Structures are given as C-alpha cells and as structure tokens.
Amino acid sequence: MGGATMPDAALFRTLLCNRNVSLGTPGGRSSCFELKRQPMIGKRFHEKKRKQLHGNAWFRRTRPVVYLSMNDSSEFQPAFVDEDDNPSDSLEIREDELLTAQIDLSDVRSQRDAIEKERDILLEKLAKSEAKQHEYQTAVMHEKELIISELEAAKELFYKKVQESIQEKFDLESKLILAKQDAIELAVQVEKLAETAFEQTTSHILEDARLRVSTAETSAAEAAYQIEEQIRSATEGAVLSIVDQSKSAIENALAVAESAGDRTKQFVASYVDDLNLVDEIAALKSQNVKLQKTMSDLESQLLVSNNEMNKLKLELEKSRQQATAYELLARDTEKELLEFQKSIRETAIQQEDEVKSLLEKMKKDSADKRKAASKAFKAELETIQAAIEAAKETVRAKDEAYVRRCEALQRSLKASESASKAWRQRAEMAEALLSKKVGIGENGDEETYVVNGGRVDLLMDDDSQKWKLLTNGPRRKIPDWMVKRIGFICPRFPPRKTNMAEAKLSKFKSLELPKPDEVWSIAQEKPKEGDTLVEHVMEKEIIEKKRKALERALQRKTIKWQKTPEEIKLEPGTGTGREIVFQGFNWESWRRQWYLDLAPKAADLSRSGITAVWFPPPTESVAPQGYMPSDLYNLNSAYGSVEELKYCLEEMRNQDLLTLGDVVLNHRCAHKQSPNGVWNIFGGKLAWGPEAIACDDPNFQGRGNPSTGDIFHAAPNIDHSQDFVRKDIKEWLNWLRNDIGFDGWRLDFARGFSGSYVKEYIEASDPAFAIGEYWDSLAYEGGNLCYNQDAHRQRIVNWINATGGTSSAFDVTTKGILHSALHNQYWRLIDPQGKPTGVMGWWPSRAVTFLENHDTGSTQGHWPFPRDKLLQGYAYILSHPGTPVIFYDHFYDFGIRDVITELIEARRRSGIHCRSPIKIFHANNDGYVAKIGETLVVKLGHIDWNPSKEVDLDGSWQKFVDKGSDYQLWLRQ
C-alpha cells in the first residue's frame with residue numbers, strides 16, 4: 001500500500017521516549033501522529049530500557065524523535081532528531097543503543113511479517129467463507145427454485161389429473177347416455193320385431209323376439225355396470241395417484257428444505273467462528289474499517305438469507321396447506337363420485353323399472369295382437385276354406401260336365417257307327433236290287449226291299465228292334481213342330497238315282513264325319529295354345545283391354561285440342577301453365593298404408609281433370625307426418641315402404657299425372673348427441689356434423705355460418721352456405737328425380753333459407769314444377785284484417801325473385817283475404833289498380849292458390865277456411881289465373897267432389913291458365929263479377945247481374961254453372 005502503515009507492537013516496545021513518529025511516504029512527505037505515554041507494552045521492558053539508556057536522568061534529557069522513511073526498496077530507514085526547535089543540533093547516540101534499536105527493528109519486522117501472514121490467512125478464510133456463503137446461497141436459491149418448480153408441476157399435474165378425471169367422467173356419462181339410447185333403440189327394434197312377429201302369427205319368431213329382449217336387457221345392464229366400474233376405477237385411480245404424487249412432492253420439498261436448513265445452520269456456525277476471528281483482528285486492528293464494512297455486509301446478507309429461509313418456511317406451510325386443500329378436494333371428489341354412482345344406480349333402477357313396465361306392456365299388447373291376429377287368421381282360414389270348397393265344387397262340376405260330355409260323345413259315336421253300318425247295308429241291298437239280284441239273309445230268310453220316296457227301306461223280321469229303331473227312329477213319336485224344324489234345318493236329300501254310275505258322278509257328296517279316334521281325342525284332350533277356342537278367348541280378352549283403354553282415354557279427354565308450343569313447354573315455376581294440383585294427403589294419412597290407398601285413385605283423379613299430385617314427405621322422420629326428417633335416403637316412412645311409393649308413382653305416371661315430392665330442406669333431425677349432450681350429429685348416408693348447422697341456431701350449438709332466413713326451433717337448421725351441404729342436397733334431389741320417379745318439388749318452410757339456394761337446387765334437379773311454402777302473417781288492425789296487404793304479398797314476391805322465378809309460391813295473401821271477403825266484403829278482392837289483391841294480382845304465373853292444407857285444415861286446424869264458403873272459394877281459385885290446389889279432405893270427405901269436378905271442367909273448357917288476363921267489373925258488399933280470359937265470366941254473391949246487363953261485355957254467353965247466390969259461371973258461345 002502507498003499510504004501510511006499501521007505501527008506494530010514491537011515498534012512500540014523500542015520507542016520508549018518518543019512521542020511523535022513520522023511514517024514516510026513514497027513522495028517524501030511524512031505524517032506524524034502522537035503516541036501516549038502509556039503504550040501497549042510491558043512495564044518490565046520500560047524499566048530495563050530506561051536503565052540501559054538513561055539511567056536516572058530519563059526525564060531530564062532531551063527526547064529524541066524517530067522518523068521512519070521508506071525508500072525506493074520499500075525498506076524503513078530510521079532517522080533520529082531532537083524534539084527541540086533547533087534541528088541542526090545532532091544527537092550523540094551510542095552504538096549499543098543503535099544496535100539494540102536495529103535488533104528491535106528486525107524483530108518488529110519479523111513480527112510484522114508473521115502478522116501479515118496471519119492476516120493473509122484470515123483474509124483467505126474470509127474469502128473462502130464468502131465463497132461458501134455464496135455457494136450456500138446459490139444452492140439454497142436453486143433448491144428453492146426446484147422446490148417451487150416441483151410444487152408448480154405437482155399443482156399442474158394435479159389440476160391436469162382432475163381435468164382428465166372430469167373429462168373421463170363426462171365421456172363416461174356420454175357413453176352411458178349413448179348406451180341408454182342404444183338400449184332404447186334396441187327396445188324399439190324389439191317392439192318392431194314383435195309387431196312383425198304378431199302380424200306373421202308365428203310362434204318361433206315370438207320366441208326369438210323374447211330372446212332378443214332378454215339379450216337387450218342383459219347387454220344394457222352389462223353396459224351400465226361396465227360404465228359404472230370404469231367410472232369408479234378411473235376416478236379412484238386418478239384421485240389416489242394425484243394424492244400420492246402430491247404427498248411425495250411435498251415430502252421431497254420438506255426434505256430439501258430441511259437439508260437446506262441444516263446447510264444454512266452449518267454455514268452460520270462456520271460464519272460465526274470466522275466472525276470471532278475477525279473481531280479479534282478488529283481488536284488488534286481497530287483501524288480495519290474496510291473489513292468491518294465487509295463483515296457488516298456479510299451480516300446483512302446473512303439477514304437476507306434468514307429472511308429467505310423464513311419465506312421458504314412460509315411457502316412450505318402454504319404448500320402443506322395446499323396439500324391439505326387437495327386432500328379435502330379429493331375427499332369432496334370421492335363424495336361426488338359416490339353421489340354420482342348412487343344417482344347412476346337409481347337411474348339404472350328407474351330405467352330397469354321402465355323397461356320392465358314397457359316389456360309388460362309389450363307382452364300385453366303382443367297377447368292382444370296375437371289374439372286379434374289369431375281371430376283374423378281363423379276368419380281368413382275359414383274364408384280360404386270356403387273358397388277352396390267352392391273351387392272344389394266348381395272343379396267337380398266341371399269334371400262331371402266333362403264326363404257327361406264324354407258319355408254323350410260315346411253314345412253319339414255308337415249311334416253314328418250303327419247308322420253308318422245300316423246305310424252301308426242299305427246301299428249294298430239297293431245296289432243288288434238295282435242289278436236285279438235277290439238278297440238272301442244269313443239265315444236263309446228272304447229280305448224284302450221297299451223303295452220309299454228315294455229311300456230304300458230294309459224290311460226284316462218284325463222282331464228285330466234294332467232295325468225297327470233304325471227304320472222308324474226313336475220309340476217316342478216326334479212332335480210336328482220338331483219335325484218341321486228338323487226339316488227346315490237339315491239339308492235336303494238328293495233325288496233318287498237310276499244307277500250307281502250316275503250316283504258316283506253326282507255333285508252331292510257324302511257327309512265327312514270325324515273318325516272315332518279324332519272324336520275321342522277332342523273329348524279327352526285339354527285346351528292348349530293353338531286351339532281355336534283358346535285363341536278366341538285370348539283375342540276376346542285383348543279386344544276387351546283395348547276397349548277399356550280407349551274408354552279411359554275418351555273419358556279423360558273428351559275433347560282433344562291442338563297444343564301450342566307454350567302449353568307443351570315445362571317450366572319449374574309454372575309447369576305447363578295449366579296445372580291443377582291435388583294435395584294427396586292430410587295430417588292423419590300416416591296412420592294407414594297411404595301409398596296403397598292413394599294408388600287406386602289415380603284414374604279417378606285423372607278423369608276429374610287433375611294434372612299433378614302433391615305427395616307427403618317420403619323420408620324417414622322423427623314425427624310420423626314426415627316434417628322432421630332424419631335419414632334422407634331412407635324412404636321407408638309411416639306412409640309406406642319405398643316399393644309401395646314407387647308403385648304409387650308408377651300408377652300416377654300411367655294416368656299422365658305429375659308427382660310432386662314434399663322435400664324438407666330447411667332442417668334435419670340428428671341421430672346422435674355430442675359429448676356435451678346436444679343432438680347435432682347426423683347419421684345415414686349424409687353423416688353431417690355441427691359444421692352443417694347454422695351458428696345462430698340457439699338450441700343445437702352449430703359451427704356453421706349464420707342462417708340466411710328464419711330459425712326453425714324444433715330441429716337443427718341446416719347451413720346452406722356450406723359447399724358440401726349443397727352438393728349432398730343436389731345429389732339427393734337428383735336421386736329422387738331419376739331413381740325414385742318424382743317429377744317436381746314442394747319446398748317446406750322456404751322462409752328458413754335464401755331463395756338463391758332454392759334456385760341452385762332447382763337448376764340442378766330440373767323439376768317439372770316447384771312450389772315454395774313462404775307462409776307469413778298478414779297485417780291486422782284492431783283484430784280485423786287490413787285492406788292493404790301489399791307488404792305481405794311483396795315479401796312472397798321477393799322470395800320468388802330470389803329464386804330467379806324458377807319456383808312458384810303459395811298465395812297465402814289470397815287465402816287470408818278470401819276468409820273475410822266472402823262474408824259480404826267482396827270489395828277486398830280488388831286493389832286500387834283494378835287487379836286481384838293477392839300475389840295473383842302481381843305475378844299470377846307464380847301464384848299457387850289454395851284454401852286449405854294439412855296445416856291450416858285437417859285435424860290441426862291452425863287456420864281453417866270457413867266451411868260454408870268452400871264452394872265460393874273453389875269457384876274463385878278454379879276460375880282465376882294462377883295454379884289452383886285442391887285439398888284431399890274437400891275432394892273425398894266433404895261431399896263436394898262433383899262440384900269441384902264441374903268447376904275444373906269449366907276451367908278446361910274456357911282454356912283458363914296461370915297467365916290468363918282478368919277484368920273485374922264489380923267488387924262491393926253485394927258481390928263480385930269478373931271476366932277471366934275471353935270465354936269465362938264468374939259471379940260471386942247475391943248481386944243482381946248477368947252478361948246482358950254489362951255494356952262492356954260483348955258476345956253470346958251461356959250459363960254453365962248456377963249455384964244461386966253462391967256463384968254462377970257463364971261460357972262464351
């Protein structure tokens with residue numbers, strides 16, 4: 001160091017009388033400091049030196065001052081001066097004193113070196129202790145970080161395990177729900193199988209159904225038990241593993257903390273020892289301020305380490321508390337698991353009771369059905385037996401007739417043989433007579449021949465009955481009337497010939513009778529192809545079929561008109577323009593085998609003038625009416641099987657009727673639930689997921705785009721903006737069109753999606769006719785219908801515009817207005833522009849008029865048409881432009897079939913079509929009068945009017961229908 005050095009103890013012992021000591025510096029400057037009279041040396045040493053140096057004159061002599069100056073070689077050079085003010089005076093020092101001082105100086109130097117070495121050793125120990133302290137601090141911090149990281153990892157692992165257990169719980173719950181659903185489906189399948197078995201009335205199928213029921217019960221019970229076991233084992237294992245891991249992590253943390261505490265204690269002990277040494281050094285070297293500062297820093301660091309240890313202890317306490325909380329959470333989880341298992345058991349018991357009750361009900365129903373089926377089967381057997389007996393009787397009668405015929409043929413053959421013998425004998429006798437030869441009998445008797453009117457009679461003995469019979473005929477006398485008829489019918493015999501040569505040359509030939517073998521073959525052989533009789537019967541049947549077909553064609557088209565190209569062309573929005581649609585079902589039609597009931601009515605509908613038939617929804621559906629479809633490609637519905645549907649469509653096609661399928665494209669019912677219990681997973685060929693459902697559907701958690709129309713809340717709303725959805729729907733429509741046989745579509749709930757998608761579907765499937773159901777509420781004020789309904793029909797027209805005119809729409813506006821107009825408010829039927837007030841007045845070619853359907857009428861009755869105004873309503877829609885629809889119940893159940901047929905005939909005769917112009921003459925409280933086209937005038941109400949009273953109506957008119965004050969129709973002559 002370049003500054004002043006600390007004086008050593010040996011130096012004090014040598015400087016007895018000196019008060020000021022100057023320590024040289026490298027710059028030659030000296031610094032002096034005063035020493036006390038009582039330095040830190042022994043008393044005996046003072047006295048010894050005093051005697052050697054001064055003897056008794058210690059206090060009387062001048063005291064020298066010793067200067068130590070450091071040269072370039074860092075060695076101390078002593079210099080002695082007097083304390084007086086005159087430094088020039090030199091002191092005489094004895095040699096022995098100088099020598100003694102040098103010896104003392106060397107001793108001081110050695111002691112100083114030893115102290116410096118001790119100081120260096122202490123500093124090294126201090127540095128080592130600081131390094132150890134730093135190392136311990138680093139180790140403690142590292143272990144602290146490890147403990148914290150392990151605790152965090154344990155927390156994360158615990159949370160992860162809890163989440164996994166909860167997820168497994170949800171998964172197992174969903175599996176249990178699916179298992180329950182499968183069990184219910186199995187029960188439903190068992191019920192269907194049981195019904196099939198009861199219909200077939202076979203005992204072995206019933207036994208098989210019982211076995212399947214028991215199998216379904218056992219499988220459902222096993223599935224529930226396995227799911228419960230999986231939930232129990234998974235939850236218990238997860239909780240135990242989490243608790244064990246948490247305990248082990250906490251124990252490890254505690255062990256690490258204890259080891260860190262031990263190390264810290266050891267460090268503190270070693271540090272205290274070092275501190276004592278430093279205190280001793282400080283006692284020896286009170287001026288070592290820097291070392292004291294260092295020690296204070298070490299103390300502060302020790303305090304910091306103690307604080308950190310306290311923090312670690314607090315964190316350990318917190319970790320213990322968290323472990324306790326985790327244990328409590330695990331206990332709560334176990335309690336919840338036990339409660340969940342208990343609820344599962346209760347639910348399983350409840351379901352088991354429900355299944356048992358259902359099975360009992362099924363058994364009871366099956367017994368009742370079996371009894372009814374056995375009764376029906378017995379009745380059918382009796383009917384079959386009666387038919388068999390009747391057939392047997394018929395066969396027996398035919399056999400008897402054949403036997404009698406054969407006997408008659410045998411008798412006639414024998415008679416013909418005997419007659420031919422007699423004629424042969426007569427011919428021989430006549431030949432002998434003519435040649436004048438006398439015949440002699442076999443017995444030698446003479447025979448007499450008598451010529452009688454060209455006949456040769458053979459007279460034999462009177463006892464021969466045979467010849468008498470041949471000669472005289474039957475024993476009974478033939479009546480005169482029979483003789484005359486026989487003489488009239490039978491051919492005349494030829495005149496008598498004079499000789500045989502002339503007879504041979506005569507033009508008269510003998511009768512060519514069939515040979516006996518041929519006669520017997522005809523009698524015994526059955527009719528076969530090629531026989532005259534069979535060919536005649538077949539020809540008669542063919543002629544009868546042709547006649548019936550011609551009769552049907554004549555009945556269907558009594559007047560055949562020449563079709564224009566406009567009438568032949570089919571457009572999806574209008575059809576031919578002359579369509580009359582028949583809704584071929586109602587809300588309860590699913591209760592019967594509807595396709596088989598509707599098919600025989602095809603001929604009657606065609607004869608009545610119907611051109612198109614609207615079919616119910618053909619797909620499998622959650623609701624039996626068909627408007628909650630699930631699997632679109634499954635056409636086995638409550639209305640009948642797919643084979644029955646194809647048969648019904650074929651019957652309609654044979655009668656030249658268009659068939660319109662009711663397709664539900666807005667929504668579709670799912671087959672399965674998602675893991676969170678929402679029904680949004682579809683099955684069948686079109687196995688869509690939540691991405692096919694509109695995202696703004698509030699009930700089914702769709703992941704598609706927002707809906708482009710109104711939401712139907714009873715089922716998932718399909719997102720038609722998805723490319724795969726539109727692709728699948730177009731393929732399905734083409735399948736219905738080409739493979740099944742539908743000609744067009746009726747689009748259900750068209751408000752649910754944009755008309756642009758309807759346009760895409762129609763262009764892809766190319767239907768002959770398409771109708772959209774855009775049902776919207778009309779405007780009312782104070783409970784009464786408003787006169788102006790332009791906003792309502794504008795919404796329908798906007799939807800038709802969105803389809804590009806490719807689809808027509810039901811004219812709901814006209815239906816709503818007719819409800820009020822026909823109650824002496826006929827002024828509602830004309831708008832300020834003189835046109836009809838419904839869609840018919842703005843876009844008649846796309847307006848499909850109707851009075852009722854399966855929703856408004858039938859057993860639902862949401863908006864029924866007034867019963868007493870049905871005739872007026874049909875007179876209006878069947879005489880006006882647009883495409884009219886006739887409801888099934890009105891045509892077949894309400895007793896007005898003939899009236900509707902008459903109105904259809906008037907429409908056909910006058911040539912009314914969907915674009916026919918209309919001119920309204922009157923529309924007031926009394927009635928309504930309008931001319932449609934150029935050949936039809938209609939009057940509704942009790943207004944006093946006829947064509948002769950109208951100035952603007954020229955031509956000759958004939959009344960075609962007269963229903964008094966209800967309606968009247970005139971046709972132009």
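**Close-up 1. A salt bridge in helix H3 joins the side chains of Glu 116 and Arg 112, at 4.0 Å from N to O.** Like everything in these views, the pair comes from a predicted model. The two residues sit about one helical turn from each other because they are four residues apart in H3, which spans residues 95–200. Glu 116 is partly exposed at 33% relative accessibility, and Arg 112 is partly exposed too, at 26%.

**Close-up 2. Eight strands close up into a parallel barrel.** Going round, the order is S7-S8-S9-S12-S13-S16-S17-S18. On average, neighbouring strands here are turned by 25° against each other, ignoring direction. S7 (residues 581–583) meets S18 (residues 883–887) through three bridges in the parallel sense, with Val 581 partnering Val 885. Helix H20 (residues 870–879) lies across S17 and S18, at about 145° to S18.

**Close-up 3. Ser 807 is tucked into the loop between helix H17 and strand S16.** With a relative accessible area of 0%, this serine is buried. Beyond its sequence neighbours within four places, Ser 807 has contacts that include Gly 573, Leu 747, Trp 799 and Arg 846.

**Close-up 4. Asp 776 and Arg 795 meet in a salt bridge, 2.3 Å from N to O.** Asp 776 is in the loop between strands S13 and S14 while Arg 795 is in helix H17, so the pair ties together parts 19 residues apart in sequence. Asp 776 is buried at 15% relative accessibility, whereas Arg 795 is partly exposed at 33%. Elsewhere, shared salt-bridge partners link Asp 604, Arg 607, Arg 897 and Asp 898 into one network. The whole structure holds 30 salt bridges.

Conventions:
Residues numbered from 1 in each chain as written. Predicted model: local features only at pLDDT ≥ 70, side-chain atom pairs only at ≥ 80, totals over all residues. Heavy atoms only, no water. Pairing = 2+ DSSP bridges. Axes fitted to C-alpha atoms, helices over the stretch in contact; angles between N-to-C directions. Contact = heavy atoms within 4.5 Å. Buried < 20%, exposed > 50% of the residue type's maximum accessible area, 1.4 Å probe, protein only.
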